[in-house]
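Please read the following note with the sequence and the structure at hand. The points are numbered so that each may be checked in turn.

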Amino acid sequence: MKNHDVQVFVNDQFLNWDPQNRVKVRIVSARAYHSLFMHNMCIRPTPEELENFGTPDFTIYNAGQFPCNRYTHYMTSSTSIDLNLARREMVILGTQYAGEMKKGLFSVMHYLMPKRQILSLHSGCNMGKDGDVALFFGLSGTGKTTLSTDHNRYLIGDDEHCWGDNGVSNIEGGCYAKCIDLSREKEPDIWNAIKFGAVLENVVFDEHTREVDYSDKSVTENTRAAYPIEYIPNAKIPCVGPHPKNVILLACDAFGVLPPVSKLNLAQTMYHFISGYTALVAGTEDGIKEPTATFSACFGAAFIMLHPTKYAAMLAEKMQKHGATGWLVNTGWSGGSYGCGSRIKLPYTRKIIDAIHSGSLLNANYKKTDVFGVEIPTEVEGVPSEILDPENTVSFPSL
């Protein structure tokens, strides 16, 4: 191959908005698409910072168009994503999915940050006008993005955060939003963020008019948009905030057992954080006909590098030190399981989240459940009281 046929794209960027714990990354890729994706997703240095960038802390070599040799020892396919912490390098072969770079670096942060006594978290994060910060944890389909995107609050980040001595900081400089069935009416912020510079993945568009059909899932249901966080009007730049007041664990319970909201003590928060529970319902994944319980430790089992209890103990320690409250919010079914009860209405869940943010839910009257021993409020403004306790809504067949 002649030299002028070879093009390599290199960009130097940062991870973590906390200046004292910033990590320098270099992305070397064979495709401009991958370079632009990471330009959007990482923190973009100023011209002066770029000038004095120096040696990166970590380097990604993305040759995803080139397959790896599957006859090599331990290889089981033509795709490999190799991470070497000692050499501080990552090599991608045989896949052009841009998310491998984003999530690969997240795994690196899950290793590096706890060594500095900084907790790395797979969570959304927003902040109220008075500086009250909330963390949102939840697996796919639980409403993490929907509930952390709030016009009345500042967005610190949608997916990856650190909690250190100075408070919280976003690891990334961009958002990676699902855009299946995206509409201007339902999610105007994300809709407006998809403009020149944003990257769309797996979407279908008209080649003549270049108009995107967000409802078309013929490639995959997991269509995505990657854009710089400053494309969101209420983003807080720099993406840092004080210590969180509330830690919200979201679960879509398809069995109608979990209350719409319950207050957790520290031990319960650790238990539910390590469990990382939600239910997959029909339509979320191929082959799912009946609701299936699923668990992902720390709500991000694919990325954690240390034992789950390490992250859970750090979370409890930071919550105790800074007086944060843990909450378990069920965005799934009430009045019975899937096919029998009904999905808790989004406006009710929003009212619950609003009451957590305002602090009014802390002052509610509570009763303790027999099984998990969690505390259920007897009333939440704007939410029918009868749905707050699952025992009121489930009718058990007579034996």
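1. Is K367 buried, partly exposed or exposed? With a relative accessibility of 42%, K367 counts as partly exposed, because that class covers values between the 20% limit for buried and the 50% limit for exposed. Please keep in mind that the model under review is predicted.

2. The partner of K367 should be considered next. The side chains of K367 and D389 form a salt bridge, with an N to O distance of 2.6 Å. D389 belongs to the loop between β26 (375–377) and α9 (390–393), whereas K367 belongs to strand β25 (residues 366–368), so the pair ties together parts that are 22 residues apart in sequence. D389 has a relative accessible area of 9% and is therefore buried. In this bridge, then, a buried D389 meets a partly exposed K367.

3. How many salt bridges does the model contain? The count comes to 13. As general background, side chains of opposite charge can pair when their charged atoms come close.

4. A second example is the bridge between E160 and K103, where N and O are 4.0 Å apart. E160 is part of strand β10 (residues 160–164) and K103 is part of helix α3, so this pair ties together parts that are 57 residues apart in sequence. Both side chains belong to buried residues, E160 as well as K103.

5. A third example joins D132 and R153, at 2.9 Å from N to O. Here the link runs between two loops: D132 is in the one between β7 (124–127) and β8 (133–137), and R153 is in the one between α4 (144–148) and β9 (154–157). The two residues are 21 residues apart, and their pair links distant parts of the chain. D132 and R153 are both buried.

6. The domain assignment of the protein divides it into domain 1 (1–116), domain 2 (117–173 + 234–398) and domain 3 (177–231). In the contact between domain 1 and domain 2, 24 residues come from domain 1 and 26 residues from domain 2. Taken over C-alpha atoms, the centres of domain 1 and domain 2 are separated by 31 Å.

7. Where is T95 found? T95 sits in the loop between β5 (89–93) and α3 (99–115). Its relative accessible area is 15%, so T95 is classed as buried. A polar atom of the T95 side chain lies 3.2 Å from the backbone nitrogen of Y97. When neighbours within four places in sequence are left aside, T95 is in contact with N62, G64, T79, I81 and E100.

8. K351 offers a further case for study. This residue is placed in helix α8 (residues 346–358). Its relative accessibility is 42%, so K351 counts as partly exposed. Apart from neighbours within four places in sequence, K351 contacts V380, E381, G382 and V383. The C-alpha atoms of K351 and N166 are 30 Å apart, and 185 residues separate the two along the chain.

9. Finally, attention is drawn to the surface. V6, V8 and V10 form a nonpolar patch there, and together they have about 260 Å² of accessible area. Of this patch, V10 is located in strand β1 (residues 9–15).

Conventions: Residues numbered from 1 in each chain as written. Predicted model: local features only at pLDDT ≥ 70, side-chain atom pairs only at ≥ 80, totals over all residues. Heavy atoms only, no water. Patch = residues over 30% accessible without salt bridge, like charges linked within 9 Å, V, L, I, M, F, W, Y side chains within 5 Å. Areas by Shrake-Rupley, 256 points an atom, 1.4 Å probe, with all protein chains shown as cover. Helix = DSSP H or I, 4+ residues; strand = E, 2+ residues; numbered from the N terminus. Buried < 20%, exposed > 50% of the residue type's maximum accessible area, 1.4 Å probe, protein only. Polar contact = N/O pair within 3.5 Å; in protein donor to acceptor, adjacent residues only side chain to side chain. Contact = heavy atoms within 4.5 Å. Domains from an automatic or database assignment.
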